[in-house]
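Biologist: I should like a close look at a single part of this structure, taken slowly and in connected prose. Please choose one helix and describe its surroundings, and then place it within the chain.

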Amino acid sequence: MPELSVAVFATDNDQRAVLQVLVDGTSVARTVCSNSTLPLAANDPVIRKTKTLAPDIVMVDIANNDATMALRAIEFLHQELPESAIFAIGPLTQPQLIVNAMRAGVREYIERPTSTSDLLEAFVRLTAARRKPGRESTRGKVFTVVNAKGGSGATTVAVNLALALQSAQNNTALVDLAPLGHCALHLNLKPNFTISDAVTNLHRLDSSLLDSFMARHEGGLQILAGSTVPGTIEPSTSDFARLFDTIVGRFQYVVVDISSRLDSAARLVSNLSEKILLIAHADVASLWSAGRVAQYLGESGTRDRFALVLNRYRKVAGFNEAETEVTIGAPVLWRIPNQYFAVASAIDRGVPLMQQGNTEIARSISGLAEYLTKDDLDVKRRAWSLFKTV
């Protein structure tokens, strides 16, 4: 394995010394500079100094007393040293901090205090990923699908949207986070593993192991199946952050079916999502629920990423879309026609709508997939992943 060069940033002198010893102790990396101050701006002299060294990795320690400053430093470093992988060392007990670090540009988020073995695993992942030809330094897009209320059709939309994305774009994954998973049933699959297996093996999860946990549908769509027994495992939000880090490093598009799950994990996934599709019907009860769900999931600042998808849509006298958007605080993004019996038959037979020819509802969902990816051909997306596999 080629030797990796590492620049260390830590305001705590003891922690900085420990990190340098741990890095050098891996035998696959060496510390090229150690900084006691964090950059305060893009043109900070410490950034210019680091640039001249062109490190493979920039490691930033996130101490409890200066997390905000560390996050700003990560943003500056990610902006000014785009070729360097940003590693953060911080606590795993603060999910929002992890999410903020990912969005600031972190590729690896490693628990504080850390160990030589933790760093070695991260270095190996980075080096192995760089050896893979033809992979760009981009992150996968996550689309989360959630019910306004039970039975709104989130699973049907998620399954068929994932199939449409796979058909048009390839490299798509479907992740079932519903309290009781039904995605595999819709696809007539009998997976050997579920999301519980992936969470249980997080300590050794990489792209290869993730692939082994996923079921494959004809056409190439890969599915991480949901739990078949409610409440068998309750992963922490940190666990979900680690899991999704691996998933978005592996796939270009990730469709997540959370159905009616409303908890801290659902909030975390919403935070990581490019778009949260709120599946509702054009009736008072459904729209009332949609507003409450959006309010709950959007409390951490994701309201601008919510969009209404009106399922089983038909014109209803007195229904005013503009008023609905204002009341719920989310735009009406798409309308899926009302073909209830066709949908029910598709579920019973395990033959999704996208496999049943050029029907009106299949065309609608294909259009939704096209709309969600319309800007992707010319836009590179920087990775936020904790354990980056590029």
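Modeller: The following account concerns helix α2 and then turns to the chain around it.

The model is a predicted one, in which local features need pLDDT of at least 70 and side-chain atom pairs count only at pLDDT 80 or more, while totals for chains, interfaces and linings use all residues. Residues are numbered from 1 along each chain as its sequence is written, and side-chain values use heavy atoms, with hydrogens and water left out.

Helices (H or I, at least four residues) and strands (E, at least two) are DSSP runs, numbered from the N terminus. Helix α2 spans residues 45–53, and V46, I47 and T50 are buried in it. Here buried means under 20% relative accessible area, exposed over 50%, and partly exposed in between, with a 1.4 Å probe and protein chains only. Because V46, I47 and T50 cover an arc of only 100° around the axis, they lie on the same side of α2; the arc is that of the directions from the helix axis to the C-beta atoms. On the other side of α2, P45 and T52 are exposed.

The buried residues of α2 pack against β1 (4–9), β2 (29–35) and α3 (67–80), where contact means heavy atoms within 4.5 Å.

The two ends of the helix may be taken in turn. At the N-terminal end, D44 acts as a cap, with a side-chain oxygen 3.0 Å from the backbone nitrogen of V46. A polar contact is a pair of N or O atoms within 3.5 Å; within protein, one must be able to donate a hydrogen and the other to accept it, and residues adjacent in sequence count only if both atoms are side-chain atoms. V46 is thus named twice, as a buried residue and as the partner of the D44 cap. Just after α2, A54 has a positive phi of about 45°.

As for the chain as a whole, there are 15 helices and 13 strands. Of its 390 residues, 56% are buried. Among contacts with a separation of 6 or more, 77% involve residues 24 or more positions apart.

The confidence values also deserve attention. The mean pLDDT of the chain is 85, and 89% of its residues reach 70 or more; pLDDT is the predictor's confidence in each residue, from 0 to 100. Over residues 378–390 the pLDDT is below 50, although this stretch has 66 contacts in the model beyond near neighbours in sequence. Where pLDDT is low, the predicted coordinates should not be read in detail.
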